[in-house]
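I am opening a notebook on a structure that is new to me, and I want to work through it helix by helix. My plan is to look up a few elements, then the residues that sit in them.

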Amino acid sequence: MTGDIVAKRVTNLLAPQVLVIAMPPLVGLLAQGWIGAAWGLVASAFCGGVPAAVIAVGVRSGRLDSHHIVERSRRTGPLLAAVAAVLVALALLVVMGAPTLLVATVTAMLAALAVTVPVTLRWKISFHAAVSAGTVVVFAHVLPAWPAGIAGAAVVALVCWARVRLAHHTWAQVVAGAVVGTVTTWVTLATFGGQ
């Protein structure tokens, strides 16, 4: 396998929409069993499913270059749809009495979007790096922290390498994304008292 093939596979397998769909039910399952997983599916449907559908429609219509939205100027619409979907998910989870950990996880997604969306209007910060780093922080919260953090850091480094290898981002853009994902998620979980 060449480096480009590996980079493409990493980019697709660990794409933001894949992680945002897969992570909440897994976190819910690890934290609270099958009931937590069910709540996680609600979060996944809105936070990952809705933006993925918006992007798929954009790709089919030719308005978007790919589901990775490589062209920065085309990101605004899908990102605003993602913000709206996360807000709806958060409202539903709060009103319906979802577990605090899932409310905190979705709040962390919103916090990361609050930073990355304005940045990407001027500079192409990496959403792949931000989402993968935030996912690692959440898993380090529900799994043994050091092993999860070390393994997760290796995965985030792989994602960053793949995005740079494919020339979709610079090293500065992936590092900035990883820092934003890590910090916003850690601060959000800490604000919720580590629930």
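Entry 1, helix α6. I began with what lies against this helix, and I found that the buried residues of α6 pack against α1 (3-13), α5 and α7. I keep in mind that this is a predicted model. The buried set of α6 consists of A148, G152, V156, V159, C160, A162 and R163. Looking down the axis of α6, I saw these buried residues fall within an arc of 155°, so they line one face of the helix. The face turned away from that buried side carries W146, P147 and I150, which are exposed. I also checked the length of α6: with 21 residues, the helix reaches 29 Å from its first C-alpha to its last, close to the 30 Å expected at 1.5 Å a residue.

Entry 2, the end of α6. Just after α6 I came to A167, which takes a positive phi of about 65°, and I noted that this is a positive value in a residue other than glycine. Is A167 buried or exposed? A167 has a relative accessible area of 65%, which makes it exposed, since the cut-off for that label is over 50%. I placed A167 in the loop between α6 and α7.

Entry 3, helix α7. I asked next whether the span of α7 is what its residue count would suggest, and wrote down the reasoning: at 1.5 Å a residue, the 21 residues of α7 (residues 171-191) should span 30 Å, and the C-alpha atoms at its ends are 30 Å apart, which agrees. The buried residues of α7 are Q173, V174, G177, A178, V180, G181, T184, T185, T188 and L189. They fall within an arc of 160° when seen down the axis of α7, so they line one face of the helix. A general point helps me here: an α-helix has 3.6 residues a turn, so residues three or four places apart point the same way. On the other side of α7 I found W186 and T191 exposed. The partners of the buried residues of α7 are α4 (100-120), α5 (127-142) and α6 (145-165). After α7 comes G193, whose phi is positive, near 80°.

Entry 4, T188. I picked one residue of α7 to look at in detail, namely T188. The relative accessibility of T188 is 9%, and T188 therefore counts as buried. Leaving aside residues up to four places away in sequence, I listed A104, T107, A108 and A111 as what T188 touches.

Entry 5, α5 against α7. I looked up how these two helices meet, and found that their axes come within 7 Å and cross at roughly 35°. The crossing of α5 past α7 is right-handed. On the α5 side I listed A129, A130, A133, G134, V137, V138 and H141, which meet V174, G177, A178, G181, T182, T185, W186 and L189 in α7.

Entry 6, α4 against α5. These two helices pack at an angle of about 160°, with their axes 11 Å apart. That makes α4 roughly antiparallel to α5, as an angle over 145 degrees counts as such. The contact is made by L101, T105, L113, T116, V117 and T120 of α4 together with F127, A130, V138, H141 and V142 of α5. I recorded the crossing of α4 and α5 as right-handed.

Entry 7, T116. I followed T116, which is found in helix α4. With a relative accessible area of 1%, T116 is buried. Which residues does T116 touch, not counting those up to four places away in sequence? I found I125, F127, A130 and V180. I also looked up T116 and A153, which are 37 residues apart in sequence and 20 Å apart in space, C-alpha to C-alpha.

Entry 8, α3 against α4. Helix α3 (residues 76-95) packs on α4 at an angle of about 160°, and their axes are 10 Å apart. I therefore noted α3 and α4 as roughly antiparallel to each other. Their crossing is left-handed. The contact involves L79, A82, V83, V86, L87, A89, L90, L93 and V94 of α3, and L102, V103, V106, T107, M109, L110, L113, V117 and T120 of α4.

Definitions and conventions:
Residues numbered from 1 in each chain as written. Predicted model: local features only at pLDDT ≥ 70, side-chain atom pairs only at ≥ 80, totals over all residues. Heavy atoms only, no water. Expected span 1.5 Å × (residues − 1). Buried < 20%, exposed > 50% of the residue type's maximum accessible area, 1.4 Å probe, protein only. Arc of directions from axis to C-beta. Contact = heavy atoms within 4.5 Å. Axes fitted to C-alpha atoms, helices over the stretch in contact; angles between N-to-C directions. Parallel < 35°, antiparallel > 145°, perpendicular 65-115°, else oblique. Left-handed = near helix turned anticlockwise from the far one by under 90°.
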